[in-house]
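Hi,

Here is the model I said I would pass on. Could you look it over before we talk? My notes follow below it.

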Amino acid sequence: GQRVGYNNMIYSESEIDRIARVAGDVASKRGGKLCSVDKANVLDVSQLWRDVVTDVITKDFSDVELSHMYVDNAAMQLIRWPKQFDTIVCGNIFGDILSDEASMLVGSLGMLPSASIGESGPGVFEPCHGSAPDIAGEDKANPLAMILSAAMMLQYDLDRPEEAKILEQAVEAALDAGFRTPDIKQEGDGCKLVGCTEMGDAVAKLIAEIDLPAKVEV
């Protein structure tokens, strides 16, 4: 007979509850908008996902505006109108696909930070692209995703939003000044091609020029 392959998508109520609470906490520290992405019109597991996420957010995160979207529509809306989203929560397989799609909205994986955040304890903050071993030692890597990952650590793990904002402002200022690593450099854009070291130095210099909060508690 012919071969058959299949997988199950399995989420327990407690797993969804835990994920929803992390998402609600993140959304409350950002713009206060949370979009839950599922496929509840087809998948039983997504129907449970939608029910539990709705219960958690409406009961325990009243300051967060919750919406729901099917994953196929979400993939289209990310391209059509990305600014409508602030925080998105979804299952692993949907998130794996949408996060790679979202990386192209900013031009390169080298621009995209990531965070693995649990209910308690320290999170893991790293660029989406990993260690980029194919260009190791060539001074080509884009350091901005790592710097922005540090900003996420300050924002979500260390409760230091002012310092996080300084890193984000410095990255934006470096890009506004026309610095570009190879992954985001375009022909004829009038910007300066730089390596990893020079881009990092530019951001560090800009950080030193930004006013720090009046009081920083350690």
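One bit of bookkeeping before anything else: helices here are DSSP runs (H or I) of at least four residues, strands are E runs of at least two, and both are numbered from the N terminus. With that numbering, Asp139 falls in the loop between strand 5 (124-127) and helix 5. Please also keep in mind that this is a predicted model.

The overall picture

The protein chain has seven helices and seven strands, and going along the sequence they come in the order α-β-α-β-α-β-α-β-β-α-α-β-β-α. Its C-alpha trace spans about 55 × 55 × 30 Å along the principal axes. Of the 218 residues, 37% are buried. Among contacts with a separation of 6 or more, 62% are between residues 24 or more positions apart. About 13,200 Å² of the chain is exposed, with carbon and sulfur atoms supplying 51% of that.

Two helices

Helix 1 covers residues 13-29, and its 17 residues should span 24 Å at 1.5 Å a residue; the end C-alpha atoms are 25 Å apart, so the two agree. Its buried residues are Ile16, Ile19, Ala20, Val22, Ala23, Gly24, Val26 and Ala27. An α-helix has 3.6 residues a turn, so residues three or four places apart point the same way. The cover over the buried residues of helix 1 includes strand 1 (33-38), helix 2 (44-60), strand 3 (87-90) and helix 5 (144-157).

Helix 4 passes the length check too: twelve residues should give 16 Å at 1.5 Å a residue, and its end C-alpha atoms are 16 Å apart. In this helix Phe94, Leu98, Glu101 and Ser103 are buried. What do the buried residues of helix 4 pack against? Strand 1, helix 2, helix 3 (71-80) and strand 3.

Helix 4 also has Ile97, which is a different story: its relative accessible area is 54%, over the 50% cut-off, so Ile97 counts as exposed. Together with Met9 and Ile93, Ile97 forms a nonpolar patch on the surface, and the three have about 270 Å² of accessible area together.

A buried serine in a loop

Ser108 sits in the loop between helix 4 (92-103) and strand 4 (113-116). Is Ser108 buried or exposed? At 8% relative accessible area it is under the 20% limit, so Ser108 is buried. The side chain of Ser108 makes a polar contact with the side chain of Asp183, at 2.5 Å. Setting aside neighbours within four places in sequence, Ser108 is in contact with Ser103, Asp183 and Ile184. Ser103 is one of the buried residues of helix 4.

Two aspartates with positive phi

Back to Asp139: its phi is near 60°, a positive value in a residue other than glycine. Asp139 has a relative accessible area of 39%, which makes it partly exposed.

Asp159 has a positive phi as well, near 55°, and again the residue is other than glycine. This one is in the loop between helix 5 and helix 6 (161-176). Its relative accessibility is 59%, so Asp159 counts as exposed.

If you have time for just a couple of spots, I'd open the Ser108 and Asp183 side-chain contact and the patch of Met9, Ile93 and Ile97.

Cheers

Key. Residues are numbered from 1 along each chain as its sequence is written. This is a predicted model: local features need pLDDT of at least 70, side-chain atom pairs count only at pLDDT 80 or more; totals for chains, interfaces and linings use all residues. Side-chain values use heavy atoms; hydrogens and water are left out. Buried means under 20% relative accessible area, exposed over 50%, partly exposed in between (1.4 Å probe, protein chains only). A polar contact is a pair of N or O atoms within 3.5 Å; within protein, one must be able to donate a hydrogen and the other to accept it, and residues adjacent in sequence count only if both atoms are side-chain atoms. Contact means heavy atoms within 4.5 Å. The expected span of a helix is 1.5 Å times one less than its number of residues. Patches are made of residues with over 30% relative accessible area and no salt bridge: like charges are joined within 9 Å, nonpolar side chains (Val, Leu, Ile, Met, Phe, Trp, Tyr) within 5 Å. Accessible areas come from the Shrake-Rupley method with a 1.4 Å probe; for residues, only the protein chains shown count as cover. A salt bridge is a side-chain nitrogen of Lys or Arg within 4 Å of a carboxyl oxygen of Asp or Glu.
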